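Please look through the structure shown here, beginning with a single residue and its backbone, and then moving outwards to strands, helices, whole chains and the contact between them.

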Amino acid sequence: MSVGAPSEETALDVNDLHVSFGNPRRGSLIRAVDGVSFSVRKGEIFGVIGESGSGKSTLGRCLVGLLSPSGGGVLHDGVDPFRFSRRELNRHRRKYQIVSQDPNAAFDPRMTILQSICEPLNIAGEGTRAERREKAFAMLDRVSLSAEMANRYPHEISGGQKQRANIARALMLDPNVIVCDEVVAALDVSIQADMLNLFARLQEQFGLTYVFISHDLRVVSHISDRVAVMYFGKIVEFGPAHAVIETPLHPYTEALRSAEPEINPAAAEARQRIILQGEIPSAIAPPSGCRFHTRCPRVRDICRTQEPQQRQLLPGRHVACHFAEEMLGDREKSGLGHAGGNGADHAASATNALT
Amino acid sequence: MQQLAETTTAGQDTLLDIQNLTLSLRDQSGWVEVLNNVSLSVKPKEILGVVGESGCGKSMTALSVLRLLPPRDSRLGGKIMFGGQNLVSCSESQMNGIRGRHISMIFQEPMSALDPVFTVGYQIEETLRRHFKLDRREAAERAVAALDSVGIASPRRVATLYPMNLSGGMRQRVMIAMALVCEPRLLIADEPTTALDVTIQAQIMDLLLGLADRTGTAIMFITHNLGLVAQSCHRMVTMYAGQVVEGGPVKDVIAGPRHPYTAGLLHSIPDSNRARGTLPSIAGRVPSLRHMPKGCRFGPRCSYSMQPCELPQNIENEGVADIDRREVRCNRWEELELRGVGA
């Protein structure tokens with residue numbers, strides 16, 4: 001969705017990141033994020049898809065420095081924020097903002113919207129009072145909220161308006177990166193469409209880099225340039241958004257895609273429905289081998305014992321599944337099914353769809 | 001049960017027939033109308049989708065059918081015909097014989113519908129013993145069978161657990177088991193999968209539709225997810241600001257919506273098969289209940305709005321055969337050429 005082509009410079013470098021909670025000696029260690037690597041280019045919208053318990057929110061919090069990694073690391077524009085002192089980190093973090101799902105929880109009910117939006121600048125100690133106010137009004141305008149909203153209290157405005165104000169506040173410190181954690185999940189579809197348009201427009205205006213976290217495949221694939229699919233603390237597949245969604249190379253992505261209810265009756269009929277059995281396993285006792293093997297419809301013996309390595313199958317497409325090559329072969333053979341073109345330029349469109 | 005079955009099948013072939021239902025609720029600042037002339041019907045074994053955004057009145061319609069509203073602070077008008085009875089005028093004790101037995105309901109958040117201090121097995125037994133003459137043992141056996149029927153792997157063990165011991169998907173399975181244990185004729189499912197992950201949602205929908213099919217239960221399926229409606233319902237109605245604005249067979253409505261609001265909802269959903277870019281959205285927001293527009297309630301947000309829209313809009317019916325009947329609350333529907341999905 002981003003308009004300017006993302007540059008080659010990276011805004012975020014995530015290298016073998018681990019985030020764990022709990023106590024290993026008491027056997028209650030939860031590896032919420034377990035060895036995740038990817039990089040986000042400047043000006044890119046990077047989507048992270050996953051169900052509850054996949055570790056996507058933990059990842060998001062770690063990306064902006066709200067949680068410290070227990071292994072591996074994150075580089076912000078080449079700098080390791082976790083080596084900073086507390087004070088330096090607080091300064092540095094201004095450029096890395098997070099917007100979370102519930103706009104109701106994000107505002108102090110006793111502060112007006114204007115006060116809440118000015119707060120980041122007050123804390124940072126930037127500008128005079130008048131300058132801060134002026135900037136706040138400018139930001140309200142940017143997120144299409146009228147100036148009269150400024151003096152209202154959170155309970156006096158709708159959920160969609162609150163989420164806009166939430167974004168305005170995140171923009172106050174001119175961030176480089178914004179992590180959006182399920183920002184549209186609590187909104188009605190018509191409002192959700194408005195918000196997605198707003199995100200795209202702001203990205204264009206400010207040259208922002210987003211990490212867009214959501215459980216909603218449609219939302220993520222609509223807005224993102226590239227997506228990563230997470231399952232149980234690991235990235236199982238990542239690559240260009242359209243390619244990953246249309247021609248998944250991991251059985252989990254395939255199942256997610258198929259579980260998404262389809263509105264178009266023709267597309268629904270063309271699609272094979274895969275209903276996964278079981279639920280995400282217990283976080284304390286992860287399954288051996290491939291973590292998806294307990295629910296995978298394509299499971300074989302090797303999956304139970306050996307963990308699949310992430311590898312690049314096609315330019316820019318990384319998959320961690322023992323049988324990804326096989327799936328790729330099937331896709332190529334079947335001419336990519338519904339995703340490909342028709343007839344003559346089949347082969348060409350097939351390659352395009354995959355990368 | 002027997003009596004009910006006869007009256008409905010002999011009388012007319014609708015199971016639930018809501019006619020001109022109005023509902024007003026009272027808060028600190030007085031009475032406010034929440035539902036305005038809602039008419040809809042569910043046939044035996046049919047799955048009816050009710051769609052609309054938050055605040056459109058879809059849950060209020062469901063609560064009205066089961067009369068789960070505070071009696072002093074709510075006023076119902078119109079008729080809710082079910083099994084030859086008008087539920088609007090039923091006594092509380094008559095309602096108790098209907099709730100859970102002939103009409104049951106599944107809520108969005110199973111945790112708030114299950115009692116945290118009783119085991120799930122006990123809660124299912126309670127429903128059974130309320131409606132049938134069963135001793136505890138028989139009821140317990142049937143509760144375990146019900147848990148088994150919703151695909152719970154070790155039903156005997158799960159029956160002894162408390163709601164807090166279960167995951168969201170498992171709780172929703174328990175809710176379904178409880179709702180269907182008396183084999184009701186109508187199940188009202190209010191956003192039953194909204195709080196669940198998509199892969200679990202797919203499991204639960206599959207289960208729900210399979211069980212309803214087996215027991216011959218009709219479903220009034222309330223959701224904001226048009227995809228789920230497209231996938232599982234026979235007919236649908238769209239609600240907006242306390243009114244039904246469109247109704248008809250799901251396939252027809254999706255391929256050719258007649259109300260601009262239905263069309264707007266259909267197009268505001270990101271679709272991976274469509275070119276990316278700006279998503280069409282519906283400008284503005286739902287009007288406040290106290291300040292309803294005088295004419296068409298959707299008028300202020302409608303991109304087709306013009307002079308005649310300032311008059312109140314009536315539901316217009318079309319189609320002779322009852323099954324294919326479509327209805328729309330828009331004076332201009334014949335002139336508008338609204339685009340559907342997949343047509």
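Asp16(A) is found in strand 1 of chain A, which covers residues 10-21, in what should be read throughout as a predicted model. Although Asp16(A) is not a glycine, its phi is positive, at about 45°. Its surroundings are sparse enough that Asp16(A) counts as exposed, with 12 other C-beta atoms within 10 Å, the cut-off for that class being 12 or fewer. A second residue that is not a glycine but has a positive phi, here of about 60°, is Ser144(A), which lies in the loop between helix 5 (129-142) and helix 6 (159-171) of chain A. Ser144(A) has 13 C-beta neighbours inside 10 Å and is therefore classed as partly exposed.

A positive phi also occurs in a hairpin of chain A, where strand 8 and strand 9 are separated by two residues and Phe232(A) takes a phi near 50°. The two strands of this hairpin, strand 8 (226-231) and strand 9 (234-240) of chain A, pair in the antiparallel sense over six bridges, and within that pairing Arg226(A) stands opposite Pro240(A) of strand 9. Strand 8 of chain A is also joined to strand 3 of chain A, by four bridges and in the parallel sense, with Phe46(A) standing opposite Arg226(A).

How many of the residues of strand 8 of chain A are buried? Six of the six are, so strand 8 of chain A is largely enclosed by the rest of the structure. In a regular strand, side chains alternate between the two faces of the sheet. For strand 8 of chain A, both faces are covered, since Arg226(A), Ala228(A) and Met230(A) are buried on one side and Val227(A), Val229(A) and Tyr231(A) are buried on the other.

Helix 10 of chain A, which spans residues 251-259, is mostly covered as well, with seven of its nine residues buried. These are Pro251(A), Tyr252(A), Thr253(A), Ala255(A), Leu256(A), Arg257(A) and Ala259(A). The cover over them includes strand 3 (45-49), helix 8, strand 8, strand 9 and helix 9 of chain A, together with helix 9 (198-215) of chain B.

For chain A as a whole, the secondary structure comes to 14 helices and eleven strands. Its radius of gyration is 21 Å, close to the 20 Å that the globule rule gives for 355 residues, so chain A is as compact as a globular protein of that length. Along its principal axes, the C-alpha trace of chain A spans about 65 × 55 × 35 Å, and buried residues make up 48% of the 355 residues. Of the contacts in chain A with a separation of 6 or more, 64% are between residues 24 or more positions apart.

The contact between the two chains takes 33 residues from chain A and 39 residues from chain B. On the side of chain A that touches chain B, at least two residues each are supplied by helix 7, helix 8 (217-223), helix 9 (241-246), helix 10 and helix 11 (265-270) of chain A, and the largest share, six residues, comes from helix 7 of chain A. The residues on this side of chain A divide into 17 nonpolar, eight polar and eight charged.

Helix 7 of chain A also appears in the surroundings of a helix of chain B, because the buried residues of helix 12 of chain B pack against helix 7 (189-206) of chain A together with helix 10 (226-232), strand 9 (235-240), strand 10 (243-249) and helix 11 (250-255) of chain B. Eight of the eight residues of helix 12 of chain B (residues 260-267) are buried, so this helix is largely enclosed by the rest of the structure. Among its buried residues are Pro260(B), Tyr261(B), Leu265(B) and His267(B).

Elsewhere in chain B, four strands form an open sheet in the order 2-1-4-5, with antiparallel pairing. Strand 2 (30-42) and strand 5 (85-86) of chain B stand at the edges with a single partner strand each, so one side of each is left without a neighbour in the sheet. Strand 1 (residues 16-27) and strand 2 of chain B run antiparallel and are joined by nine bridges, with Leu23(B) opposite Leu35(B) of strand 2. Helix 2 (residues 58-65) of chain B packs on this sheet, where it touches strand 1, strand 2 and strand 4 (74-82) of chain B, and its direction makes about 80° with that of strand 2.

Key:
Residues are numbered from 1 along each chain as its sequence is written. Chains are lettered from A and ligands numbered from 1 in the order in which they are written. This is a predicted model: local features need pLDDT of at least 70, side-chain atom pairs count only at pLDDT 80 or more; totals for chains, interfaces and linings use all residues. The radius of gyration is taken over C-alpha atoms; the globule rule is 2.2 Å times the number of residues to the power 0.38. A residue is buried if 20 or more other C-beta atoms lie within 10 Å of its own, exposed if 12 or fewer, and partly exposed in between; C-beta atoms are placed from the backbone. Two residues are in contact if their C-beta atoms, placed from the backbone, lie within 7 Å. Ala, Val, Leu, Ile, Met, Phe, Trp, Tyr, Cys and Pro count as nonpolar, Asp, Glu, Lys and Arg as charged, and the others, Gly among them, as polar. Two strands pair if DSSP finds at least two bridges between them. Axes are lines fitted to C-alpha atoms, for helices over the stretch in contact, and angles run from 0 to 180 degrees between N-to-C directions.
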